[in-house]
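Trainee: I have just opened this one and would like to go through it with you. Could we take it piece by piece?

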Protein chains: 2
Amino acid sequence: MRKIRLNLGQRSYEILIGRHAIDQLGKYLKKLDLGTDAYILTNKLIKAKYGSQISQALLKSGFNCYFKLVADSEKSKSIACVGGVINDIARRDFKKRIFIIAFGGGVIGDLAGFVASVYKRGIPYIQVPTTLLAQVDSSIGGKTGVDLCAGKNLVGAFYQPKLVLSDTAFLKSLSTRQLKAGLAEVIKYALIADKNLFNLLLKKRADILKYDPSVLEKLVYACSLIKSGLVSRDEKEALDKRTLLNFGHTLGHAIEAAGGFSKYNHGEAISLGMLAAIEISKNLELLKVADAQAARSLIKFYGLPEKIGKLSLAKIISAHFHDKKFKGNKNKFVLLVSLGKAKVVTNVGSEFIRGALKSIS
Amino acid sequence: MRKIRLNLGQRSYEILIGRHAIDQLGKYLKKLDLGTDAYILTNKLIKAKYGSQISQALLKSGFNCYFKLVADSEKSKSIACVGGVINDIARRDFKKRIFIIAFGGGVIGDLAGFVASVYKRGIPYIQVPTTLLAQVDSSIGGKTGVDLCAGKNLVGAFYQPKLVLSDTAFLKSLSTRQLKAGLAEVIKYALIADKNLFNLLLKKRADILKYDPSVLEKLVYACSLIKSGLVSRDEKEALDKRTLLNFGHTLGHAIEAAGGFSKYNHGEAISLGMLAAIEISKNLELLKVADAQAARSLIKFYGLPEKIGKLSLAKIISAHFHDKKFKGNKNKFVLLVSLGKAKVVTNVGSEFIRGALKSIS
């Protein structure tokens with residue numbers, strides 16, 4: 001098993017990565033002394049597949065377990081769901097030694113983290129991500145949130161987990177589409193921060209798409225290392241360090257929104273956003289033409305979407321203006337300067353944005 | 001105008017206290033540079049009385065103002081209300097330079113603070129409390145929250161305001177019952193931390209009950225000073241410093257809950273809780289009989305309730321066991337050791353609790 005320590009002073013925690021890491025969950029939890037009663041937030045599918053594994057790991061270390069199922073959909077990230085889950089926790093919390101386990105993908109992680117952050121002004125929680133997207137990205141760094149009519153993740157908190165345990169054995173049950181959505185984020189890490197990871201992705205494509213466990217473990221480890229480094233230097237995204245993780249996300253979010261959050265999943269929208277950001281980087285002469293070509297090729301190599309299809313450009317641009325990170329009429333893009341290196345650029349001209357969107361139209 | 005600085009490192013802020021302090025709101029806000037658009041959360045009554053004063057103070061300094069009205073009732077502290085307010089903020093937040101002003105009593109302060117803490121993972125807010133209870137207590141220290149079916153303040157965050165501005169001129173429109181509810185908290189501060197305040201309350205009763213502005217200003221200042229000192233030493237109530245502020249609250253909350261949150265208001269329930277805590281302090285021989293008598297007399301002197309009337313003891317004791325601060329079967333009481341000094345005691349025997357409740361039955 002591989003370990004990473006995310007350094008954040010008193011809020012530091014470990015990220016454990018490995019096949020069958022779940023078997024050691026009880027042991028690590030005992031050391032952390034978070035409580036006696038584990039409240040496992042998950043969905044029906046994950047409980048059916050891996051519920052007995054997680055409950056056995058907890059029971060053999062003397063923890064009590066409760067499962068709480070939420071729907072396997074972005075709709076679970078709602079204020080109503082937060083209220084329902086907290087009322088349920090309060091009913092089970094008679095010993096006042098309850099803690100939360102987020103057991104699932106990004107939706108469950110975001111919801112569980114937010115619930116933990118606000119129940120009694122904060123109780124401990126841990127992340128046990130089961131998708132590649134959650135293992136490499138959303139489970140790390142303490143961004144939690146739920147959606148409102150007015151926008152995604154409009155309600156949330158920065159609230160760090162006490163442990164992240166990524167069991168890569170869970171990844172074998174992902175659909176190809178889910179795996180690829182996670183790979184889009186892996187490609188993001190390679191492009192912004194890790195030339196070696198870029199090369200690994202080029203070399204090991206066949207193994208990765210065959211769910212080879214040892215290669216997937218390498219990917220999760222490499223991404224977790226990059227993310228934990230950036231988060232520890234800029235927890236609240238105030239210094240343009242953590243911001244680098246938004247590569248592809250500025251227009252990616254707008255594409256996701258313009259598609260009504262159904263046409264493309266997060267990873268697919270991010271792929272398109274990365275293609276647009278690569279085009280802007282090249283056109284602003286920050287990135288060499290050959291590097292832009294190599295970056296684009298990697299995205300295509302993994303069969304991620306290359307064209308926004310019938311989505312209206314006007315809709316995407318309007319969604320982009322409503323992005324919650326857009327401040328005082330200044331946009332903010334993460335752009336590539338070479339393979340494995342990115343920087344934050346503000347106030348990118350609208351002609352470059354339109355040009356980039358046209359290049360993927 | 002009097003000023004107190006609450007020291008919390010980067011989260012430090014000022015508390016301004018004085019008659020017509022509101023006129024200087026714009027000036028202070030400009031210095032703080034929180035944004036351009038003030039979103040004022042308040043209720044109909046306060047807007048009718050003081051809305052033009054606050055909007056003029058803001059407009060003359062170049063701020064835009066929006067008023068958002070919520071019902072003047074604990075029912076506004078709900079998850080549904082949080083969602084409604086945030087959707088409304090998001091609609092007005094097109095410039096991304098919005099901040100929140102909590103303009104009202106404790107309900108509005110708790111709701112506004114929580115909304116500010118979770119909208120986009122945190123935007124700035126300030127407190128402009130209009131009741132004595134809010135000025136001396138709830139506006140300071142960053143405890144925010146809303147209620148659930150399962151309990152009061154079960155959802156919340158520690159999230160500090162950027163400024164507290166207590167205009168004591170607002171207090172003249174309080175009903176006698178509201179004034180007295182605030183005085184219950186003032187008495188609490190006197191008993192746990194300030195013998196001079198105790199003497200002032202004894203000497204100036206007539207002036208206080210006549211809403212004498214200069215004496216009320218002294219009370220608000222003295223209490224704010226004590227609270228800010230304790231909060232700066234123990235922001236998250238982890239070290240038994242801030243806990244001292246819960247004097248009278250352990251059984252007070254239980255009495256409030258047993259009365260269905262309608263029989264007694266918060267201040268009245270706290271008065272009864274203080275009388276019970278004084279009895280326990282005396283019976284555990286922590287507090288001299290004469291001091292216990294003097295403490296009790298002060299509460300009676302202000303016409304606060306002395307008896308729980310027809311409330312069932314069993315109901316109060318059951319509510320007490322469900323208190324969210326009750327951990328691992330150990331209760332925690334703040335008890336007096338002398339007039340102006342208190343300490344935290346855990347595991348008070350149930351016979352003392354029953355005895356104390358009987359003494360106010």
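Mentor: Gladly, and please keep in mind throughout that this is a predicted model. Let us begin with a pair of helices in chain B, H10(B) and H13(B), whose crossing is right-handed.

Trainee: Which residues make that contact?

Mentor: From H10(B) there are Leu251(B), Ala254(B), Ile255(B), Ala257(B) and Ala258(B), while H13(B) brings Lys315(B), Ile316(B), Ala319(B) and His320(B). Sorted by class, the contact between H10(B) and H13(B) has 7 nonpolar, 1 polar and 1 charged residues.

Trainee: And at what angle do H10 and H13 of chain B pack?

Mentor: The angle is about 120 degrees, and the axes of the two helices, residues 249–258 and residues 313–321 of chain B, are 8 Å apart. Angles from 65 to 115 degrees would count as roughly perpendicular and those over 145 as roughly antiparallel, so H10(B) and H13(B) are oblique to each other.

Trainee: Changing topic, how is chain A related to chain B?

Mentor: A turn of 180 degrees, with a shift of 0.0 Å along the axis, lays chain A on chain B with an RMSD of 0.0 Å. That is the relation of a two-fold axis.

Trainee: Which residue of chain A comes closest to that rotation axis?

Mentor: That is Ile79(A), whose C-alpha lies 3.5 Å from the axis.

Trainee: How many residues does each chain put into the contact?

Mentor: Chain A and chain B each give 29 residues. On the chain A side, the elements that give two or more residues are helix H3 (79–92), helix H4 (106–118), strand E7 (143–148) and strand E8, and H3(A) gives the most, with 7 residues. That side of chain A divides into 14 nonpolar, 7 polar and 8 charged residues.

Trainee: Do the copies meet through the same surface or different ones?

Mentor: They meet through the same surface, because 100% of the interface residues of chain A are also interface residues in chain B.

Trainee: Now inside one chain, what domains does chain A have?

Mentor: The domain assignment gives domain 1 as 2–173 and domain 2 as 176–210 + 247–359, and the C-alpha centres of these two domains of chain A lie 28 Å apart. Their contact takes 8 residues from domain 1 and 11 residues from domain 2.

Trainee: Which elements of domain 1 touch domain 2 in chain A?

Mentor: Helix H5 (132–138) and strand E8 (151–158) of chain A are those that give two or more residues, and H5(A) has the largest share, with 4 residues. By class, the domain 1 side has 4 nonpolar, 2 polar and 2 charged residues.

Definitions and conventions
Residues are numbered from 1 along each chain as its sequence is written. Chains are lettered from A and ligands numbered from 1 in the order in which they are written. This is a predicted model: local features need pLDDT of at least 70, side-chain atom pairs count only at pLDDT 80 or more; totals for chains, interfaces and linings use all residues. Domain bounds come from an automatic or database domain assignment. Two residues are in contact if their C-beta atoms, placed from the backbone, lie within 7 Å. Ala, Val, Leu, Ile, Met, Phe, Trp, Tyr, Cys and Pro count as nonpolar, Asp, Glu, Lys and Arg as charged, and the others, Gly among them, as polar. Axes are lines fitted to C-alpha atoms, for helices over the stretch in contact, and angles run from 0 to 180 degrees between N-to-C directions. Angles under 35 degrees count as roughly parallel, over 145 as roughly antiparallel, 65 to 115 as roughly perpendicular and the rest as oblique. A crossing is left-handed if the near helix is turned anticlockwise from the far one by less than a right angle, and right-handed if clockwise. Copies are superposed by least squares on the C-alpha atoms of residues with pLDDT of at least 70 in both.
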